[in-house]
Each structure stands twice: as C-alpha cells, then as structure tokens.
Amino acid sequence: MGSLKIENVKKAFGPVEVLKGIDLEVTDGEFVVFVGPSGCGKSTLLRVIAGLEDSTSGRVVIDGADVSVTPPAKRGIAMVFQTYALYPHLTVKNNMGLGLKQAGTPAAEIDRRIGIASSMLSLEPYLERRPAELSGGQRQRVAIGRAVVREPKLFLFDEPLSNLDAALRVNTRLEIAQLHRRLKATMIYVTHDQVEAMTLADKIVVLNAGRIEQIGGPMELYNAPANEFVAGFIGSPKMNFIDGARLGETAKTIGVRPEHLTVNPNSGAWKGTVVHAEHLGADTNLYLDCEKAGLITVRIFGVYDAEPGTTLYATPDPAKTYRFGADGKTIK
Amino acid sequence: MSTATRSLPRTIGAHAILLTYTAIALFPVILVIMNSFKSRAGIFSAPLTPPTPGTFDLIGYTTVIGQGDFIHYFQNSLVVTIGSLFFVLLFGAMAAFALSEYRFRGNTLMGLYLALGIMIPIRLATVAILQLMVASGLVNTLTALILVYTAQGLPLAVFILSEFMKQVSDDLKNAGRIDGLSEYTIFFRLVVPLVRPSMATVAVFTMIPIWNDLWFPLILAPSEETKTVTLGAQLFLGQFVTNWNAILAALSLAILPVLVLYVIFSRQLIRGITSGAVK
C-alpha cells in the first residue's frame, strides 16, 4: 500500500527542460529523500508526483495504478509545504479535517483521525486556534497533522524545515523520523540540505540539472559516490578535489574528504600553510594552502591549535581516497 | 521612533505640509456644506463665512426633499454604483485569477488586451454604446448604466488585482488542490480573502467616478424613472435662474452615501494591511 514507480518522466517549461527523463522505484514503507542544489528539478519532480504539474512525457504509477492524468486529490497522497500553507480562515481542527470533509468522510471518522493525529503531534491544546495564533513550529506540525489525517499512500514533503530556525529544525526532523517509524508509511522528502537527507533517508536520490546522479543509502553515497558531483554534494565540509596532474596521478581528479586527512607539524605527504582555522569544539576545520595540492580543508576531531601562517603537513588516508576520470565518474 | 529620526523642526515641517494639503483638499467640500445651510442672500453676500443666525436657512434641503423624487434618485445612484461595483470586483477578480494562476497560450496577450481599456476612454465610444443600447432596448434602464460602468471599471481592476493575485502563495492553492477543493472554492475561500485589501482599493477607485458621473446617465438613462443624483441635481440648474440652495443641498447629501461606502472599504484596507501576514 504505497509503492511508487516513475517511468521516464520528462518536464519542460517551454524550451527549458527541467526533468530530463527520470526513472525511479520506491517500495512500500521507504523513506526516500530527493536532494540536490537549487534548480536541479527536485521540487518539480515532487510536484509531478503530486499531480500539481503535468509531466511532458512519462508515467507516474502509485500502487500499480497509472495516475499520470489523475487529479491530485484522487491520487491518495498528502503533501507538507515549505510555507506550511495552512488555510488562514480555518481553525487547526478544520484545517486538518478539510480534505476528509471534501472527500465525504463521516464526521465521527474525521474526529477520530484528528484525535489520533493531534495526540501524535501534541496539538490537542491548539485545536480551536487559527494558524495566525500559532508559532512557526506549531504551524508546521499542523501541516504534518493535516497530512497524517488523510492516511495517504504517499507522504510528500517539500522542504518542510526550511522556514524553521535551527533548533526547531532538529526537533521537527526528529518528529518526522519518529512519525515514519510509527506509521510505516512511504514518504518522499525534498531538501537541499544534505544533513537532513543523511539523517532521515532510507534511500537518497541525488539530482543534478534534471537528471538522477545516484540512488542509494546514506552510507553507500558517502562511501561509494558514483561520481564527482555526488562526492562533492554528500558530506560536510565538502570533499577536497585535487587536480590529478599536480599529484602525478593518472586520474583526472583526486578526492579526499576533510575527515580522511591527518596533519603533522613535522612530516607528511603535502606541505602547506594554515590559512584559517575554525574551532567548533567537537572538531576543528583547518584550511591549508598546500604547495602540491592547492587549498584544502582538513577536519580534525577534537581541539587542535594552529595559528594561521603555521606550516603543517597533511597526509590522506590511501584507503579512503577517491579517483575520478575525465567524465567525472569514479574510477573503481 | 528612534531619536535619530525625530527632530522638532522636521516634525513641524511635515505637519505643516500635511495640514496645508488637508485644508486645500477639504476647502471646496466645506464650502459646499457650509453654504447649503444658508439663505440665498447669505450665499451671495458672504460665501466664505459659516452660517450665522441671520443667514441660517434650510430652504435648500426642504426644496430638495420637497421635490419628492430625490429619494428615488439616490436609490438609482446607489443601485447603479453598488451593482457596477459588484460586477467589476467579481469579474475583475476572476479574470485576474485566471491570468495569474493558469499558464495558457496567449496569457500575456490576453492580459494586455484586458488592460488596454485603461488607456482608452470609454466615452469615445458613446455613440456606439448608445446605438447598442437602443438596439437592445436598454435605453432608460439602470441595467444600461451598470453594464457600461462595469466595462469602464474592469480594465483597471484586472490590472491591479492580477498583480496582487500573483503574490498569493502557490503552496496554499496547491494545498487546497490536494485536499480536493474545486478551483472555484480555492478562488472564493482562499484567494479572495487574502487579496481583500487590494479589492477594497479597487472598489474605492471604481466607485467614485461612477457615483459622480453625469455623462452616461444623461445620455443613456435621462428619464424621470432612472435619473441619478448628479443628473437630478441638474434640475436646479436653470438656463436663467439657478437654485443654488437646492444644488448645494443636493451635493451635500450626495456626499453622504459615498462617504459611508468609502469608510467601509477603507476599514478593510487598514485591517488588511495590519493583519495580512500569513506566514
């Protein structure tokens, strides 16, 4: 009850092709995250799945039924928006119940479902309030509640945490993860934040310029990126890319994650000077200008004192060094 | 307000300018109202002084009300103004919604076509309109006036409202679509309440020229049955003798309904501005 299949979906706005043939399969109960830089087509893909945009070609299949021409309300989906999109003139209770009322569900059933959803999201004290009387986090919980009440086959989240402040974002992220565990429902989540993607997803779909770059579990993408784009997008701080020719390698580009570099004041592979140091407490990010490798980032766990101008040697972990060919693909 | 932006000379200057402007704007209105309470001799001997016990006279008002039909003229004016306003807002908002919400071939061209009316005065077409009304048997009906005023008000309404409709959150409309609301429900229940302040602006801009218009009532509906207030007041403007008392009284009375409508709309305007935030 909640599988999704997308076959060769393309979408063009006039001459601009936003989706260039997307194929994807999502099995029941999976938490899938679409991630990519802005303008990569991830939101458009979500809207095509929701039925808010028509695809130019291709099929969208939910639970074995082709829904390519079905209106959004009949697709068995629920969506949570970045701007909450609550109905300003309705109370929290009516906001949650409107979709069911529209579908002709009996009032007792609507009340039962609102009861369950509001206790799940601790919204009971606010049921009679209007959206204007709620805080940002509460509004987003109402929006999630509105989706839960519909008991959809598919939950669609369109950057739901982007409008929340940092602390609230972590809380709400946790709530969404718990919600998924409890409902065991299929969820599709769009974000540009790779941390959200890594922490929530069973499966991450990395999109770039209207194409899927790689599909896989969070650790799979981290440990075995298919190409330079995925390697650079997943992980923070970003992976260091060094021109292979400068290091005397055959590969076009060499990639090392900042956490896979070690520093030593006396000896090592790449000699460099500290340009800047960021002290975060739990770890320290050093920016080194190396003679051979250029400007690189090194992440050291714990506190490390290094004044700008100091000379340090950085050494990559050879087992965790990636090699990319001229086409950007990873050389295995 | 911070002390950096508050200085006594600047405050006095700003108030002086605003007070002068207010005085200039209100002067003719006050003059009309003041003189409407004076006797004929009082109006001519000292037009700029307020009514004194010697010059105070309600003759203007008794003439106007005594004419009997004036209540009826008021009614006509109200029917025409409110009717036209209703249709301008309804059709204008619907067209604006379609233009801003749906992508269809010729969207921009259609928008331009609908806005073209702002630049072309409708009075240029008076002869054609009159022929049309004669042919359709609508001469001397209020319907004729309502139709013409609706056409006159629509271009500006579509132009202003479509700009505001573009600002209504797409997410909200999409949430409605996912909840199974029809496009009409989305329009009337979600979009219209959010653009209410701009609709009030359009209403004020549309209402005043309609209420004050003399041209079309004179041409399309001059019969006793369908006279509007402005046309009715012409009754006292004789070729040789003009009954100033009655004209001033009629004009003073004509300010009232339009003032009431304005207050209603402007309250909407202020409420919209202060409580608009959705996010």
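Buried residues make up 41% of the 332 residues in chain A, where buried means that 20 or more other C-beta atoms lie within 10 Å of a residue's own, exposed means 12 or fewer, and partly exposed is in between, with C-beta atoms placed from the backbone. Keep in mind that this is a predicted model, in which local features need pLDDT of at least 70, side-chain atom pairs count only at pLDDT 80 or more, and totals for chains, interfaces and linings use all residues. Residues are numbered from 1 along each chain as its sequence is written, and chains are lettered from A and ligands numbered from 1 in the order in which they are written.

## Chain A overall

Along its principal axes, the C-alpha trace of chain A spans about 75 × 45 × 35 Å. Its secondary structure comes to eight helices and 18 strands; these are DSSP runs numbered from the N terminus, with helices being H or I of at least four residues and strands being E of at least two. Take the contacts in chain A between residues at least 6 apart in sequence: 62% of them join residues at least 24 apart. Two residues are in contact here if their C-beta atoms, placed from the backbone, lie within 7 Å.

## Two helices that cross

Now to α3 (residues 107–120) and α4 (residues 136–149) of chain A. Their axes come within 9 Å and cross at roughly 140°. The axes are lines fitted to C-alpha atoms, for helices over the stretch in contact, and angles run from 0 to 180 degrees between N-to-C directions. That crossing makes α3(A) oblique to α4(A), because angles under 35 degrees count as roughly parallel, over 145 as roughly antiparallel, 65 to 115 as roughly perpendicular and the rest as oblique.

Which residues meet? From α3(A) come A:Arg113, A:Ile114, A:Ala117, A:Ser118 and A:Met120, and from α4(A) come A:Gly145, A:Val148 and A:Val149. By class, this contact has five nonpolar, two polar and one charged residues. In that scheme Ala, Val, Leu, Ile, Met, Phe, Trp, Tyr, Cys and Pro are nonpolar, Asp, Glu, Lys and Arg are charged, and the others, Gly among them, are polar.

A:Met120 turns up again with A:Gln178: the two are 58 residues apart along the chain, and their C-alpha atoms are separated by 9.9 Å. A:Gln178 is found in helix α5 of chain A and counts as exposed, with 11 C-beta neighbours inside 10 Å.

## Backbone oddities in chain A

Most residues other than glycine have a negative phi, and most peptide bonds are trans. These spots in chain A are worth a look:

| Spot | Backbone value | Place in chain A |
|---|---|---|
| A:Ala85 | phi near 55° | loop between β6 (77–80) and α2 (92–102) |
| A:Lys184 | phi near 50° | loop between α5 (166–183) and β8 (186–191) |
| A:Ser236 to A:Pro237 | cis, omega near -5° | A:Pro237 in the loop between α8 (228–233) and β11 (240–243) |

Is A:Ala85 buried or exposed? A:Ala85 is buried, with 27 other C-beta atoms within 10 Å. A:Lys184 is exposed, with 11 other C-beta atoms within 10 Å.

## Chain B and its two domains

Chain B is assigned domain 1 (1–57) and domain 2 (67–275); such bounds come from an automatic or database domain assignment. The C-alpha centres of the two domains lie 31 Å apart. Each domain of chain B puts six residues into the contact between them. On the domain 1 side, α1 (8–36) and α2 (40–45) of chain B are the elements that give two or more residues. α1(B) gives the most, with four residues. By class, that side divides into three nonpolar, two polar and one charged.

Further along, B:Phe87 lies in helix α4 (residues 70–101) of chain B. B:Phe87 is partly exposed, with 18 other C-beta atoms within 10 Å. Leaving aside neighbours within four places in sequence, B:Phe87 is in contact with B:Ile146 and B:Thr150. B:Phe87 and B:Ala151 are 64 residues apart in sequence and 9.3 Å apart in space, C-alpha to C-alpha.

## Where the chains meet

How many residues does each chain bring to the contact? Chain B brings 14 residues and chain A brings 18 residues. On the chain B side, α8 (170–178) and α9 (183–194) each supply at least two residues. The largest share of that side, six residues, comes from α8(B). By class, the chain B side has seven nonpolar, three polar and four charged residues.
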